[in-house]
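Dear colleague,

I am passing on the structure below, together with a short account of what was found in it. Please have it open while you read.

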Amino acid sequence: MTFDQLKYFIAAAEENTFFDAAETLHISQSSLSKQIMKLEKELDITLLDRSRRSCSLTEAGQFFYQEALQLTKQYRQTLFGLKCFRENCDSELHIGTLPILSHYRLIPLIKKYSEIHSQIHLEIDEVEEVELINGFNAGKYDLIIAREPLLRQCSCETSILVHDELAAVLPSSHRYAHSSSVSLPELACEDFLLMNRYTSVFHLCMEEFKKYGISANIIRNARAESIIGAVAANEGISLLPMSNFEVFRHQNVAALPLTPPVQLPVAAAMKKNGSSARAAKEFISYLCKNIE
């Protein structure tokens, strides 16, 4: 018994005549009749009543028709499952990310994903923003994880993973250190220590200064951990993602939400028609569903 024979039998059962069934299958009537006869011979039972002009099912044929439908349905499902397995089997997913995975508790999620999908090899590069965008545009990465403002310069499909916001980072002795929030105009005359000029956080800060007509006195650019140490030493104040303060917490520093809030979400981005688009989409969907 073959699946072609099952297909021929189902067509004969659902059409009025062998001629109509053969037309539907685009085969000759004699080929159809021979295959069904072979099936009946193997099963040692008559499935079709040929005594009249139109073929009809015998009692055994009616039973076997329902079984044939289930067998062919299972066959199609199996073929589809194997197709999906082939697409994902031993595939690689190249991921580029800013060094922020630990900030948002993404590392345990990625580890769990690797354990569940052991057939997919994840290759992860933590790089700075320029290298990240260049690598993504050049096709080096199937997907990237970055702060959402950085992704606006890319042609991509983005999904927000987690929300963050810009915070004012002040020495604990600062006059606003114990406030619930602070506005940028209230900090306009301060000395600012900001992240490196190539970062999307720096550019977002400059956009906010411009919005309020603030000519900020920027005394230094550095990495977040260096900035927080400098703020603790009372060298100036900063504007950083709230997550940075939580990771590099310092006892002599306070972080206050801005009023109004300045959103700084983290997102994953993928090429819409990339070679690994399916795997990339499934990976991003997993992160979005499981991130806290």
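What follows describes a helix pair and then a sheet with a helix lying across it.

Please keep in mind throughout that this is a predicted model.

Beginning with the helix pair, H1 (residues 3–14) packs with H2 (residues 18–25) at an angle of about 130 degrees, and their axes are 8 Å apart. H1 is therefore oblique to H2, since the angle falls in neither the roughly perpendicular range of 65 to 115 degrees nor the roughly antiparallel one over 145. The crossing of the two helices, H1 and H2, is right-handed. On the H1 side the contact is made by Lys 7, Tyr 8, Ala 11 and Ala 12, which meet Phe 18, Ala 21 and Leu 25 of H2. Of the residues in this contact between H1 and H2, six are nonpolar and one is charged, while none is polar.

Turning to the sheet, five strands form an open arrangement with mixed pairing, in the order E4-E3-E5-E12-E6. Strands E4 (120–126) and E6 (157–162) stand at the edges with a single partner strand each, so one side of each has no neighbour in the sheet. Direction ignored, neighbouring strands of this sheet are turned against each other by 25 degrees on average.

Within this sheet, E3 (residues 91–97) and E5 (residues 143–147) run parallel and are joined by three bridges; Thr 97 has Ile 145 in E5 as its bridge partner. Helix H6 (residues 129–137) lies across E3, E5 and E12 (266–270), and runs at about 150 degrees to E5.

With best regards

Note on methods. Residues numbered from 1 in each chain as written. Predicted model: local features only at pLDDT ≥ 70, side-chain atom pairs only at ≥ 80, totals over all residues. Heavy atoms only, no water. Axes fitted to C-alpha atoms, helices over the stretch in contact; angles between N-to-C directions. Helix = DSSP H or I, 4+ residues; strand = E, 2+ residues; numbered from the N terminus. Parallel < 35°, antiparallel > 145°, perpendicular 65-115°, else oblique. Left-handed = near helix turned anticlockwise from the far one by under 90°. Contact = heavy atoms within 4.5 Å. Nonpolar A, V, L, I, M, F, W, Y, C, P; charged D, E, K, R; others polar. Pairing = 2+ DSSP bridges.
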